[in-house]
Amino acid sequence: MSIDTVFVAGAGLMGHGVAQVFAASGRRVFLYEPQLARAEAGLDRIAGNLARAVKKGRLAAEERDATLARISATRDSADASNAGLVVEAIFEDLAVKRAFWSDVDAIAPPDAIFASNTSSISIDRLADAVGPQRRAQFVGMHFFSPVPIMPLVELVRGSATSDATAAAVRALSADLGKQVIVSADRPGFLVNRMLMPFLAEAMRAFAEGVGTAEDIDTGAKVGLNHPMGPLALADFIGLDVCLGIMVVLHEGLGQEQFEPPQVLRDLVAAGHLGQKTGRGFHAYPSR
């Protein structure tokens, strides 16, 4: 199926990247936030990403301009009325996500695909917010950050997701230059189910004084050949996001390795969320 217009809800770390890759693929994109200033901030981040790509010689200035021209910042959910695809990249809060889906279900075309970028929440629980006739077109389409660079998409099928919807998401992902893996609708899906226990154990080792944050991260980079250490990666993802995913995993699977470490809870409670606040397991004084 041909999808020419994409409505992206959420202009933060994930949403602005999703909007960028769809616009770069030649599609019209509406980047939505209830507060227009936040949508415009997301558009500014896209402009910055593209400017850096031009400066490094990876993108022609004409392509940058064409990509930006395809994106409109909006606070009006009615702009989903002509979208062939709605991508929800709202923060990991079930109630907020469900409220959005319930609202847009009454606006989007009947044949539009609904794709959530959730990193951990059940697709079936989200799909319950839309009418029964829409659930075959509801799917998980989990991108990875930074979206323009990371080549993976997790396709998560809910119990009602149709073969046609899954095939359409595969085709879209391929058109974006992404590789698809398929996960059952289980807490954390595939990647975060593997990743979060690793991050949690690194946090516990830090809290117990087994090693410094620098040594833990260097051990993973040099000893395990990881491009980024686990504590730096948690800071990059956002410690609040990591906490939310671990809570979903622990509640859904009930296994000890998924329980959020107390040091993570303490940092989030103190407002130290990683790179975006300037402090997490590491300090980021320039931010």
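Reader: Is Phe-114 buried or exposed?
Author: This is a predicted model. Buried means under 20% relative accessible area. Phe-114 has a relative accessible area of 0%, so the residue counts as buried.

Reader: Which residue forms an edge-to-face aromatic pair with Phe-114?
Author: The two rings lie 6.4 Å apart, centre to centre. Their planes are at 75 degrees, and planes over 60 degrees apart count as edge-to-face. The partner is also buried, with a relative accessible area of 0%. It is Phe-138.

Reader: How many residues apart in sequence are the parts that this pair ties together?
Author: Phe-114 lies in strand β5, residues 113-116. Phe-138 lies in strand β6, residues 138-143. The pair therefore ties together parts separated in sequence by 24 residues.

Reader: Which residues do ring pairs link into a cluster with Phe-114 and Phe-138?
Author: The structure holds eight aromatic pairs. Ring pairs link Phe-114 and Phe-138 into a cluster with four named residues. These are Phe-7, Tyr-32, Phe-100 and Trp-101.

Reader: Where do the buried residues of helix α11 lie?
Author: Helix α11 spans residues 262-269, and its buried residues are Val-263, Leu-264 and Leu-267. Seen down the helix axis, they fall within an arc of 100 degrees. They therefore line one face of α11.

Reader: Which residues are exposed on the other side of α11?
Author: The buried residues of α11 are covered by elements including α7 (191-207) and α10 (239-253). The other side of α11 has exposed residues: Gln-262 and Ala-269.

Reader: Over which ring does the charged end of Arg-28 sit?
Author: The charged end of Arg-28 is 4.7 Å from the ring centre. The ring belongs to Phe-30.

Key
Residues numbered from 1 in each chain as written. Predicted model: local features only at pLDDT ≥ 70, side-chain atom pairs only at ≥ 80, totals over all residues. Heavy atoms only, no water. Buried < 20%, exposed > 50% of the residue type's maximum accessible area, 1.4 Å probe, protein only. Helix = DSSP H or I, 4+ residues; strand = E, 2+ residues; numbered from the N terminus. Arc of directions from axis to C-beta. Contact = heavy atoms within 4.5 Å. Phe/Tyr/Trp six-rings, centres within 6.5 Å; stacked < 30°, edge-to-face > 60°. Lys NZ or Arg CZ within 6 Å of the ring centre and 35° of its normal.
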